[in-house]
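Let's take a walk through this model together, going from the contact between chains down to a few local details. Keep the viewer open and follow along as we go.

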Amino acid sequence: MAIQARELTKDYQFGFHDEDISVFRTAKGLSPEVVAAISQHKKEPEWMLKFRLKALDHFMKRPMPNWGADLSTIDFDNIYYYVKPVEEQSRSWDDVPLAIKNTFDRLGIPEAERKFLAGVSAQYDSEVVYHNIREDLEQQGVLFSDCDTGLREHEDLFRKYFGTVIPPNDNKFAALNSAVWSGGSFVYVPKGVHLDIPLQAYFRINSDNMGQFERTLIIAEEGSSVHYIEGCTAPTYSNDSLHSAVVELIAHPGAKIRYTTIQNWSDNVYNLVTKRAIAHAGATVEWIDGNLGSKITMKYPSVYLMGEGAHAEVMSAAFAGTGQHQDAGSKAIHVAPNTTSNIVSRSISKGSGRTSYRGHIKVLPKAHGAKVSVRCDALLLDEESRSDTYPYMDIENPDVTVGHEASVSKVGEDQIFYLTSRGLSEQDATALIVNGFFEPFVKELPMEYAVELNRLLALSMEGAIG
Amino acid sequence: MSGTPTLSVHGLHVSVDGKEILKGVDLEVPQGEVHALMGPNGSGKSTLAYALMGHPKYQVTAGAASFDGADLIALPADARAKLGLFLCFQYPTAIPGVTTVNFIRAALRAQGKEVPAREFLNRLAAEMALLKIDESFRQRYINDGFSGGEKKRSEILQLAMLRPRLAILDETDSGLDVDALRTVAEGVMQLAGPDMGVLVITHYPRILQYLRPDRVHVLHAGRVITSGGAELAQRIERGGYEPILGAVAAAPVA
């Protein structure tokens, strides 16, 4: 099948960048001095500095992972670990510096906030530059800020949960984030409070050779619910950037957290993210995880089902064009009885693009009556495209129901013929098949995001001669 | 016979995977007429349908086919559709995740026949009612999990919405019960007329009671061996293909 398609990345509409207007940046490379400088600059308490230095130690000692995608080309010495774009965070859009404001205007952030969001946070390089939350939610005790503000203004609450889901020694990149973290989101939803419209954070890398290490901590108290959405883009530089976030979710009994990501980094970004949730009794955690951009992504949103009847839902979609490797998947750890997990993964590879599904299901001896369902489907668009599946299952209790289905298919000649016989061009036919393949994922998204995602996919299938 | 020949096929040879199936087919379907192409299983009827619509697996090795003077062989399937050719598939392919309503809208858009959303939905509702198709159908993924009968109705629904100039029905009657067959055939006859000709491919004459063809052609071993009026279909209904094949074999080659 001959698809004369431009790569998503060649059409990457977010590839523009602003001039460097940063007010402070640490020296290139990583050292205890750099870590101390970050902590000092943020005027952090002593315990956080110690936490960071210990994490740096873990990072230095720990070898690079010998599995997953090829990370050998990351040059840790050639990265700025902290770049501060502004002196003060703004709550009014008017106070954001013009260049940054223009960027977020082009990305449609203020518009989105007006339309359908309960709160917005916009991070530019290392710091959140704009932040707002609806007043009525604030009055109900909902906290939504960047993580630095969370630490400063709610230290006890912050310290109680920070690093408890993903300790610094969890893996090399969690250690890196723990050492140099900055920005991200801190969300606290009090008991019984339901947020009926989403909170959103937007992450933008602007600087060349930049590392962005945002840190997100979401706590949903008993019986509460929250939907958090993050989007991300970066300019296309010739040098690679590194994005290594840590996201910790805690869903207390009966709470529900939905976390939606549309990752659309430019094709020079290493996206190495650790995302993990703890679900207590009767709680539900949903990861809706879309990966379109980046050079390499390694990300496996996980849920530890700690309380009876807890439920995990992970729905992911990945698109890998030429030169991209999306190594994504999910983990569900069933600790308590009658816990359930449902994992659905869809991936598309185009050109020399490569997708991998990597999943780990663990059912511990006490998790009687657990139910597990894993389904991963891959679609290949070209002869050279590649997709692999690495499902791991450790089942230590005989009283469980486990379902696992996987499929790899190619866009069929008969499908293309059927659609072209109705007048669609071959490219439009392929785009329609691709959209249909992602439909189970897309219908989980808020409408504005669904429209945007379909538009991005159509763009990636477009056949005009570039 | 009236009007100018719309579909014109001369000495068409078609191979699939290197095996020759059609060995010199001659056929003319003038604008607005209803023709039937009959023949026993394996005679090459569906091959002709696919080759005329432009399936890449069906290689034309010799001969010509034109539609309204345009050389079909040189054109990809989408260009043939835009000329006004439509194939009602015997086994339409499922496209998971693509709803029937979105699919039909995309097809209309591709053919430059897009209408405003409200008008489109009203027309769709009206055509679905005529074909006795349930409203829930429009949100179902096209051909995904459809029963045999649902697939056929969906094909005729697309035909009704797209309004081609020539509809090729490939064994549309197969797998339909009597009531469904009547609904589907009546749907086709509502559309057939000066603006739309029909080439109905079948090995079973029953559907022809509803469609009343102007001409009947019999395909055997990759060639049209005889043509006639509607009475030819009646002869096949009464006596099967054997006597006709025998008579042709015995006759001196013209």
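A good place to begin is where the two chains meet. Chain B brings 22 residues to this contact, and chain A brings 19 residues. If you look at the side of chain B that touches chain A, two elements of chain B each give two or more residues: α2 (77–83) and α3 (100–110). Of that side, the largest share belongs to α2(B), which supplies four residues. Sorted by class, the side of chain B facing chain A holds 14 nonpolar residues, together with five polar and three charged ones.

Before going further, keep in mind that this is a predicted model. For chain A the average pLDDT is 90, and 96% of the residues score at least 70. Residues 1–10 of chain A have a pLDDT below 50, and in the model this stretch has 31 contacts beyond near neighbours in sequence.

Now let's stay with chain A and turn to its domains. The assignment splits the chain into domain 1 (14–417) and domain 2 (418–466). Taken over C-alpha atoms, the centres of domain 1 and domain 2 of chain A are separated by 26 Å. Their contact draws 24 residues from domain 1 and 21 residues from domain 2. On the domain 1 side, the elements of chain A giving two or more residues are the helices α4 (109–116) and α9 (413–420) and the strands β13 (256–263), β15 (284–291), β18 (311–320) and β20 (340–349). Which element gives the most to that side? It is α9(A), with four residues. In terms of class, the domain 1 side has 16 nonpolar, five polar and three charged residues.

That helix deserves a closer look. The axes of α9(A) and α10(A), residues 426–442, come within 9 Å and cross at roughly 115 degrees, and the crossing is right-handed. From α9(A), the residues A:Gln415, A:Ile416, A:Leu419 and A:Thr420 take part, meeting A:Glu426, A:Ala429, A:Thr430, A:Leu432 and A:Ile433 of α10(A). This helix contact comprises five nonpolar, three polar and one charged residues.

Finally, let's hop back to chain B for a small local motif. Strands β4 (residues 58–67) and β5 (residues 70–71) of chain B run antiparallel and are joined by two bridges. In one pairing, B:Ser66 has B:Asp71 in β5(B) as its bridge partner. The two strands make a hairpin with two residues between them, and in the turn B:Asp68 has a positive phi of about 55 degrees.

How values were computed:
Residues are numbered from 1 along each chain as its sequence is written. Chains are lettered from A and ligands numbered from 1 in the order in which they are written. This is a predicted model: local features need pLDDT of at least 70, side-chain atom pairs count only at pLDDT 80 or more; totals for chains, interfaces and linings use all residues. Two residues are in contact if their C-beta atoms, placed from the backbone, lie within 7 Å. Ala, Val, Leu, Ile, Met, Phe, Trp, Tyr, Cys and Pro count as nonpolar, Asp, Glu, Lys and Arg as charged, and the others, Gly among them, as polar. Domain bounds come from an automatic or database domain assignment. Two strands pair if DSSP finds at least two bridges between them. pLDDT is the predictor's confidence in each residue, from 0 to 100. Axes are lines fitted to C-alpha atoms, for helices over the stretch in contact, and angles run from 0 to 180 degrees between N-to-C directions. A crossing is left-handed if the near helix is turned anticlockwise from the far one by less than a right angle, and right-handed if clockwise.
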